[in-house]
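Please look over the following briefing alongside the sequence and the 3D structure. It is arranged by topic.

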Amino acid sequence: MPTLTKLGKYLIRRELGKGAMGIVYEGFDPVIERTVAIKTILPAQLNSAEVKDVLARFKREAQAAGRLNHPGIVAVYDYGEVVAEDDRTMVAGPEGQPADGERVAFIAMEFVKGKELKDYFDSNERFPLKEVERIMGEILDALDHAHSKGVTHRDMKPANLIMLADGKIKVADFGIARIETSELTQAGTVMGTPSYMSPEQFMGQTVDGRSDIFSCGVILYQFLTGEKPFTGNTTTIMYKVLREEPLPPSTLNLALPAA
């Protein structure tokens, strides 16, 4: 299959994953010989009314994330809008791949080798209480740095937390994740991942750092019990988040201290 070989100065090595509006690649900066992760948005995948707004937001989020400098946050290096270059055998863009000559907006980020916290949760892996304490401390420390710089994540969830080989944790997709599900695709669409969303996100209100803290509470609950506090379809989750108090973790995990 014909493949994309270059985005601006970056050489494209392989595809890492797909999102709603673009693809994430492993790239290489030949100038400083650095491996990077490249998140792309294809303007052609959007309807014309969305393009300007989504690209402006994508750039704004990249600039915001670029202000952050913390060992617990995946670093953002670069933003660009370029014309895709491929090996010249591609005639059209299959499966959302950019066709040669198509405009692509991209963010180049730190390439992190690790495993998403979501994978640990999905395989029902449990962590000792001391470890949970350390991990949550690292996550909140990273968020504290971001919030002090006026940057809210808005999509804190296990899939955006990467555990490195040494057990340290990195927060990914600062403010960038929410671009993937453009709020312009349909009226009243809410951004974020339902199980981890704060009440103000569900209500479409302006969110700040407190919304991230709420999402971290949901992640902590999962660490302690192996369960999410709010489950069901989106409507059910929304009702529970707005109106119900979840069971205390100690009722689901008897080994937990009452505190």
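R154 sits in the loop between α3 and β9. In this predicted model, the phi of R154 is near 75°, a positive value in a residue other than glycine. R154 is partly exposed, at a relative accessible area of 23%.

**Other positive phi values**

- E33 likewise belongs to a loop, the one between β3 and β4 (34-41).
- The phi of E33 is near 50°, again positive in a residue other than glycine.
- With a relative accessible area of 63%, E33 is exposed, because the cut-off for that class is over 50%.
- G8 has a positive phi near 60° and belongs to the hairpin of β1 and β2.

**The hairpin of β1 and β2**

- Strand β1 (residues 4-7) and strand β2 (residues 10-18) run antiparallel and are joined by two bridges.
- Two residues stand between the strands of this hairpin.
- L7 has Y10 as its bridge partner in β2.
- K9, in the loop between β1 and β2, reaches a distant part of the chain through its pairing with D29, described under the salt bridges.

**The sheet of β8, β9 and β10**

- Three strands make up an open sheet, ordered β8-β9-β10, with antiparallel pairing.
- The edges are taken by β8 (115-116) and β10 (169-171); each has a single partner strand, so one side of each lacks a neighbour in the sheet.
- Strand β9 (residues 161-163) is joined to β10 by three bridges.
- Within this pairing, M163 stands opposite I169 in β10.
- Helix α3 (residues 129-148) lies across β9 and β10, and its direction makes an angle of about 30° with β10.

**Salt bridges**

- The count of salt bridges comes to twelve.
- One of them joins D29 to K9, with the closest N and O atoms 3.3 Å apart. The two residues are 20 residues apart in the chain, D29 being in strand β3 (residues 23-29) and K9 in the loop between β1 and β2.
- D29 counts as buried at 2% relative accessibility, whereas K9 is partly exposed at 39% relative accessible area.
- Another joins K170 to E110, where the closest N and O atoms are 3.1 Å apart. K170 lies in strand β10 and E110 in strand β7 (residues 103-110), so this pair ties together parts that are 60 residues apart in sequence.
- K170 is buried, with a relative accessible area of 10%, and E110 is buried as well, with a relative accessible area of 19%. Both residues fall into this class because the cut-off for buried is under 20%.
- K157 pairs with D155, the closest N and O atoms being 3.4 Å apart. D155 is buried, with a relative accessible area of 8%.
- R13, R14 and E26 are joined into one network by salt bridges that share partners.

**Strand β5 and its first residue**

- V76 lies in strand β5 (residues 76-83).
- V76 is buried, with a relative accessible area of 14%.
- A37 is 39 residues from V76 along the chain, and the C-alpha atoms of the two are separated by 9.4 Å.

**A nonpolar surface patch**

- M203, M238 and L242 form a nonpolar patch on the surface. Their accessible area together is about 250 Å².
- M238 belongs to helix α6 (residues 234-243).
- M238 is partly exposed, with a relative accessible area of 32%. This value lets M238 count toward the patch, because patch residues need over 30% relative accessible area.

**The chain as a whole**

- The chain holds seven helices and ten strands.
- Of its 259 residues, 46% are buried.
- Among contacts in the chain with a separation of 6 or more, 64% are between residues 24 or more positions apart.
- The accessible surface of the chain is about 13100 Å², and 52% of this surface belongs to carbon and sulfur atoms.

Technical notes
Residues numbered from 1 in each chain as written. Predicted model: local features only at pLDDT ≥ 70, side-chain atom pairs only at ≥ 80, totals over all residues. Heavy atoms only, no water. Pairing = 2+ DSSP bridges. Helix = DSSP H or I, 4+ residues; strand = E, 2+ residues; numbered from the N terminus. Contact = heavy atoms within 4.5 Å. Axes fitted to C-alpha atoms, helices over the stretch in contact; angles between N-to-C directions. Patch = residues over 30% accessible without salt bridge, like charges linked within 9 Å, V, L, I, M, F, W, Y side chains within 5 Å. Areas by Shrake-Rupley, 256 points an atom, 1.4 Å probe, with all protein chains shown as cover. Salt bridge = Lys/Arg side-chain N within 4 Å of Asp/Glu carboxyl O. Buried < 20%, exposed > 50% of the residue type's maximum accessible area, 1.4 Å probe, protein only.
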